[in-house]
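Take a walk through this fold, from its sheet to its core. Keep the chain open in a viewer as you read.

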Amino acid sequence: MKVLYLFLLLLAPKVFQDTQDPIDKTAEFLRSGNITELAKTFAPDVDVTILGNEDNYPAAKAQEILTIFFKQNQPKSAQILHRISSNVNYRFGVVLVTTSNGTFRVSFNLKNTGGHFELDDIHIESEKTK
């Protein structure tokens, strides 16, 4: 019986880890600047727009570009401004990321592919002041 409890105890973190909302997960990766983990969610090709420069890149190149951006703009905090999660196959999020060099509005699309969400589009723009 102890072996069964031990097995369930070891299995529980893995089961609960994958149930986090993909928008929340993406926002956390942006808040921490953890592009390595964010890149694990990339589709094979990702549309990347940073401050008006837009292109489609293979996942590895998209990771490199975002890593450079977030090294130059160290994140301090992130706040989810908007989310669309009403469609089971599509998620859209807008996150306000405060960095060492200002505040940026980051929007992204996630598509359900084979039971998991892949990031296929990310836009980073300067936050408009009110």
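**Sheet, helices and core**

Asn87 has Tyr90 in strand 4 as its bridge partner. Helices (H or I, at least four residues) and strands (E, at least two) are DSSP runs, numbered from the N terminus. The model is predicted, so local features need pLDDT of at least 70 and side-chain atom pairs count only at pLDDT 80 or more, while totals for chains, interfaces and linings use all residues. Residues are numbered from 1 along each chain as its sequence is written, and side-chain values use heavy atoms, with hydrogens and water left out.

Stay with that pair of strands. Strand 3 and strand 4 run antiparallel and are joined by nine bridges. Two strands count as paired if DSSP finds at least two bridges between them. A hairpin of two residues links strand 3 to strand 4.

Now move on along the chain. Strand 4 (residues 90-99) pairs with strand 5 (residues 102-113) in the antiparallel sense, over ten bridges. Two residues lie between strand 4 and strand 5 in their hairpin. Tyr90 stands opposite Lys111 in strand 5. Val95 has Val106 of strand 5 as its bridge partner. Seven of the ten residues of strand 4 are buried. Buried means under 20% relative accessible area, exposed over 50%, and partly exposed in between (1.4 Å probe, protein chains only).

Step back to the whole sheet. It is open, has six strands in the order 2-1-6-5-4-3, and shows mixed pairing. Strand 2 (53-58) and strand 3 (75-87) stand at the edges with a single partner strand each, so one side of each has no neighbour in the sheet. From one strand to the next, the twist averages 15°. Axes here are lines fitted to C-alpha atoms, for helices over the stretch in contact, and angles run from 0 to 180 degrees between N-to-C directions.

Which strands does helix 2 touch? Helix 2 (residues 22-32) packs on the sheet against strand 3, strand 4, strand 5 and strand 6 (116-126), and its direction makes about 165° with that of strand 3. Contact means heavy atoms within 4.5 Å. Phe29 is found in helix 2. Phe29 counts as buried because its relative accessibility is 14%. Leaving out residues up to four places away in sequence, Phe29 touches Asn34, Glu37, Leu38 and Thr41.

Helix 4 (residues 59-72) lies across strand 1 (42-50), strand 2, strand 3, strand 4, strand 5 and strand 6, at about 40° to strand 1. Its buried residues are Ala62, Ile65, Leu66, Phe69 and Phe70. Seen down the axis of helix 4, these fall within an arc of 125°, so they line one face of the helix. The arc is that of the directions from the helix axis to the C-beta atoms. Turned away from the buried side of helix 4 are the exposed residues Ala60, Lys71 and Gln72.

Finish in the core. The largest nonpolar core has 27 residues, of which Leu30, Val48, Leu66 and Ile122 touch the most other members. Such a core is a set of buried Ala, Val, Leu, Ile, Met, Phe, Trp, Tyr and Cys residues joined through side-chain atoms within 4.5 Å. Helix 4 gives the most to this core, with five residues. Ile122 touches Leu30, Val48, Leu66 and Val106, among others, not counting residues up to four places away in sequence.
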